[in-house]
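Grab a viewer and work through these exercises with the structure open. Each one sets a task and then walks through a solution.

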Amino acid sequence: MSHFVSHLEAAIDGTVLPFGSLANLHNGRPIWVRYHLDRIRAAVSPADIAKRPPNLWRYRELLPLPADVEPVTLGEGMTPLLHCPRLGKQLGLSNLFVKDESQLPTGSFKSRGMAAAISMAKWLGVKRVALPTAGNAGGAAAAYAARAGLECYVFMPDDTPIVNQFEPHLYGAKAFRVNGLINDCGKIVKDGADRMGWFDLSTLKEPYRLEGKKTMGLELAEQLGWALPGTIFYPTGGGTGLIGMWKAFHELAELQWLGRDSAGSVPPFPRLISCQAEGCAPIVRAFEKGERFAELFPNAKTVASGLRVPAAVGDFMILDAIRASGGKAATGSEAKIATWMRRASSAEGISICPETAVCFDVLEQMIAAGEMKPDELVVVFNTGAAPKYLEALPTDLPQIDKNQVDWDRIAG
Ligand SMILES: *Cc1c(COP(=O)(O)O)cnc(C)c1O
């Protein structure tokens, strides 16, 4: 057999669905991919994986694309897990790490999901894809569609960061601005499916972007010697990354790949801290109210454009994972985004995006509240590259006159 998928499964009610044809939602909600994990355990080991090239296709058995099908790839995956001693010292944490997804193709972790989704769409005969985007998804989809030779249509809110507007165009997609939010863009994609004959690649509206994002959790475990951190800070928009990592941890546990403690049991999974910006925090609201489903967040507005998702179709999957992990959802201050971008970037030389700046603010709040142990292993996901957000940072550098250099100003 050339793949290990057993079936697809509706997340809302567990309905078993067949694998091998195009799938979007079931009863308006996302679909899981399930694997024959016992067969995978027999077929491959962590030692085999260690010998493979450093990209996300090293976890091939845990991905849905059949082994005899060439993936659509730009070399994505195996981003560095960087120890951050200087920033950690400032915060009072000795084991602070950043998983730096800014180094991926198109400068964000959206490439992981798109590598998987576009590979699957191409295999299943799709010729044309479409999606709404709040920022980075459009560029990633356009790049992988170009790589695959597929047509791509992208719809984004009017005020999407300028680099994200330009990016899909660069990669040959047909890109449009819409006078609304991402859910309005999503409606256009849904309504156009029949007339335009495109396949809907929206976040969690097909099952495979999630599988691509799951590889963040697989990599994290492998990089830690098949162990998991104590706490993960993850900037949450549509939630694919968070849901995907949680799924990855379960699959690894069932594969028995995770190290055991001295008592022979698998240590607890990490606490998931789902971070949202004050200006768009539907998951935080639902978490605090004890609800399983989130309400549409009114007037969503934040410079962390990846977090500007006022309604997430996988809300219950995000909230279930957070609660099962013993973590929480919390907001970071909008006013501190630029400060945190510069503070974290300048401390460690990592290109920190606004979404991750929100995570650092939440982390600092949790330290102040006594919710962090000074020596616990903390991983913050840096989901994108700072230069994609020209709007988020001040650019008024002091100017020097070449004819009359002001040395006092330079010495500051
Ligand atoms: C899309 C995006 C997010 C949110 O990702 P989800 O996994 O869908 O919650 C966070 N940060 C950046 C930079 C993004 O582009």
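**Exercise 1.** Working with this predicted model, find which residues Leu201 touches, leaving out residues up to four places away in sequence, and place Leu201 in the largest nonpolar core.

*Solution.*
- Step 1: Select Leu201 and list its contacts. You should get Met114, Ala117, Ile118, Val129, Ala130, Leu131, Ala141, Glu206 and Arg209, with residues up to four places away in sequence not counted.
- Step 2: Now go to the core. The largest nonpolar core has 92 residues, and Leu201 is one of four that touch the most other members, along with Met114, Ile118 and Cys152.
- Step 3: Ask where the core members come from. Helix α9 (residues 240-255) gives the largest share, eight residues.
- Step 4: Check for another core. There is a second, separate one of 34 residues, and Val98, Ala304, Ala347 and Phe360 are among them.
- Step 5: For background, nonpolar side chains in soluble globular proteins tend to be buried together.

**Exercise 2.** Work out which residues come nearest to the ligand and which of its oxygen atoms' partners sit in a side chain or in the backbone.

*Solution.*
- Step 1: Collect the surroundings. There are 17 residues around the ligand, and Lys110, Tyr234, Gly237, Gly239 and Thr383 come nearest.
- Step 2: Look for a side-chain partner. An N or O atom in the side chain of Lys110 is 2.8 Å from a ligand oxygen.
- Step 3: Look at the backbone. Gly238 has a backbone N or O atom 3.3 Å from an oxygen of the ligand, and for Gly241 the corresponding distance is 2.9 Å.
- Step 4: Work out the coverage. On its own the ligand has 390 Å² of accessible area, and the protein covers 97% of that.
- Step 5: Follow up on Thr383. It lies in the loop between β13 (378-382) and α14 (407-411). Its relative accessibility is 5%, so Thr383 counts as buried. Beyond residues up to four places away in sequence, the contacts of Thr383 include Tyr234, Glu101, Cys353 and Glu355.

**Exercise 3.** Decide how the rings of Phe155 and Phe176 are arranged, and whether each residue is buried or partly exposed.

*Solution.*
- Step 1: Search the whole structure for aromatic pairs; you'll find 13.
- Step 2: Pull out Phe155 and Phe176. Their ring centres are 5.3 Å apart with 15 degrees between the planes, and the pair is stacked. The cut-off to apply is planes under 30 degrees apart.
- Step 3: Map the pair onto the chain. Phe155 is in strand β7 (residues 151-157) and Phe176 is in strand β8 (residues 174-178), so the pair links distant parts of the chain, 21 residues apart.
- Step 4: Compare accessibility. Phe155 is at 8% and counts as buried, while Phe176, at 38%, is partly exposed.
- Step 5: Widen the view. Phe155 and Phe176 belong to one aromatic cluster with Tyr153 and Trp198.

**Exercise 4.** Lys247 and Lys301 are both lysines; determine whether each is buried or exposed, and what each touches.

*Solution.*
- Step 1: Locate Lys247 in helix α9. At 5% relative accessibility, Lys247 counts as buried.
- Step 2: Trace its polar partners. The Lys247 side chain reaches the backbone oxygen of Val33 at 2.7 Å and makes a 2.8 Å polar contact with the side chain of Glu211.
- Step 3: Fill in the rest. Setting aside neighbours within four places in sequence, Lys247 also contacts residues including Trp32, Arg34, Tyr35 and Lys214.
- Step 4: Turn to Lys301, in the loop between α10 and α11. Its relative accessible area is 64%, so Lys301 is exposed.
- Step 5: List what Lys301 contacts, again skipping neighbours within four places: Gly279, Cys280, Arg308 and Glu334.

**Exercise 5.** Find which residues of helix α10 are buried and what they pack against.

*Solution.*
- Step 1: Over α10 (residues 282-289), the buried residues are Pro282, Ile283, Val284, Ala286 and Phe287.
- Step 2: These pack against β11, α11 (315-325) and β12 (328-332).
- Step 3: Inspect the residue just after α10: Gly290 takes a positive phi of about 75 degrees.
- Step 4: Visit Ser274 in β11 (residues 271-277). Ser274 is buried, at 0% relative accessible area, and its contacts include Ile283. Its side chain also makes a 2.8 Å polar contact with that of Thr236.

Terms used. Residues numbered from 1 in each chain as written. Predicted model: local features only at pLDDT ≥ 70, side-chain atom pairs only at ≥ 80, totals over all residues. Heavy atoms only, no water. Core = buried A, V, L, I, M, F, W, Y, C linked by side-chain atoms within 4.5 Å. Buried < 20%, exposed > 50% of the residue type's maximum accessible area, 1.4 Å probe, protein only. Helix = DSSP H or I, 4+ residues; strand = E, 2+ residues; numbered from the N terminus. Contact = heavy atoms within 4.5 Å. Near = heavy atom within 4 Å. Polar contact = N/O pair within 3.5 Å; in protein donor to acceptor, adjacent residues only side chain to side chain. Areas by Shrake-Rupley, 256 points an atom, 1.4 Å probe, with all protein chains shown as cover. Phe/Tyr/Trp six-rings, centres within 6.5 Å; stacked < 30°, edge-to-face > 60°.
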